[in-house]
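Here is a short tour of a protein model, written for someone who would rather be at the bench. We will look at charged pairs and then at a pocket.

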Amino acid sequence: MSDILPVDAIALREEVRTKYREVAVNPRGSFHFHTGRPLARRLGYDEAVIARMPDSAIEAFAGVGNPFSLSALKAGERVVDLGSGGGFDCFVAAGQVGAEGHVVGVDMTEEMLARSRAAAAVMGLQQVAFRQGVIEDLPVEDGWADAVVSNGVINLCADKRRVFTEIMRVLRPGGRLQFADIASGKPVPEAAIRNIDLWTD
């Protein structure tokens, strides 16, 4: 497998940061993807969980699936959420791991971090923390996590090998990855692969 990336990873990261900064600042804006409570319902999240979330905790949600449909987390587990955005999946995880568990959300966008930290404070979730960083270089200790979750973020990174290396580094032996993402079952033309605008659109 070649180590040559299909696009400039830094340029792609900046495009993604710009896009999701807009979602954080104006979550009810017009985007090419769905957001918020209606999206969470469409993706099959538990209605009781959706209903008890304050708007600040769910309105910037922009996932592509439901990583918790694979398996519920266990009480007391330690969880890392890759590209945690406005924090919705972290808050779902917090409800599953309980007060004895720990959830760390990692995001690169200051506006999303401000939003998620404020929502966690409103909900009194002491077991949730948000750290600034990129998922190719996670600000998490080796072997810390029982589970890593992600929702529509890995596909936005050019260096997927590095992302999965980091996931394996932070997982404890026997830990697991639960993620939802976008994948194509057909070959993608080279010109499309090298078009950064198509990665973010």
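In this predicted model, Glu14 and Arg17 join their side chains in a salt bridge, 2.9 Å from N to O. Both residues sit in helix H1, three residues apart, or about one turn of the helix. Glu14 is partly exposed, with a relative accessible area of 36%, whereas Arg17 counts as buried at 16%.

That pair has company: the whole structure holds 14 salt bridges. Here are some of them, with the N to O distance.

| Salt bridge | N to O distance |
|---|---|
| Glu14 and Arg17 | 2.9 Å |
| Arg169 and Asp142 | 2.6 Å |
| Arg172 and Asp146 | 2.5 Å |

Arg169 and Asp142 pair up in a salt bridge. They link distant parts of the chain, 27 residues apart, with Arg169 in helix H7 and Asp142 in the loop between strands E3 and E4. Asp142 is exposed, at 59% relative accessible area.

Arg172 also meets Asp146 in a salt bridge. This pair links strand E5, which holds Arg172, to strand E4, which holds Asp146, across 26 residues. Asp146 is buried because its relative accessible area, 13%, is under 20%. Elsewhere, shared partners tie Arg28, Arg37, Asp55, Glu59 and Arg115 into one salt-bridge network.

Now for the pocket. The largest one encloses about 770 Å³ of space. Among its 46 lining residues, Tyr20, Asn151, Gly152, Val153 and Leu156 are the closest to the centre. Helix H1 gives the most to this lining, with six residues. By class, the lining has 25 nonpolar, 14 polar and seven charged residues.

Technical notes: Residues numbered from 1 in each chain as written. Predicted model: local features only at pLDDT ≥ 70, side-chain atom pairs only at ≥ 80, totals over all residues. Heavy atoms only, no water. 1 Å grid on protein atoms, 1.4 Å probe; cavity = no way out; pocket = protein on both sides within 12 Å on 5 of 7 lines; lining within 4 Å. Points joined across faces, edges and corners; volume = space filled by probe spheres on them. Helix = DSSP H or I, 4+ residues; strand = E, 2+ residues; numbered from the N terminus. Nonpolar A, V, L, I, M, F, W, Y, C, P; charged D, E, K, R; others polar. Salt bridge = Lys/Arg side-chain N within 4 Å of Asp/Glu carboxyl O. Buried < 20%, exposed > 50% of the residue type's maximum accessible area, 1.4 Å probe, protein only.
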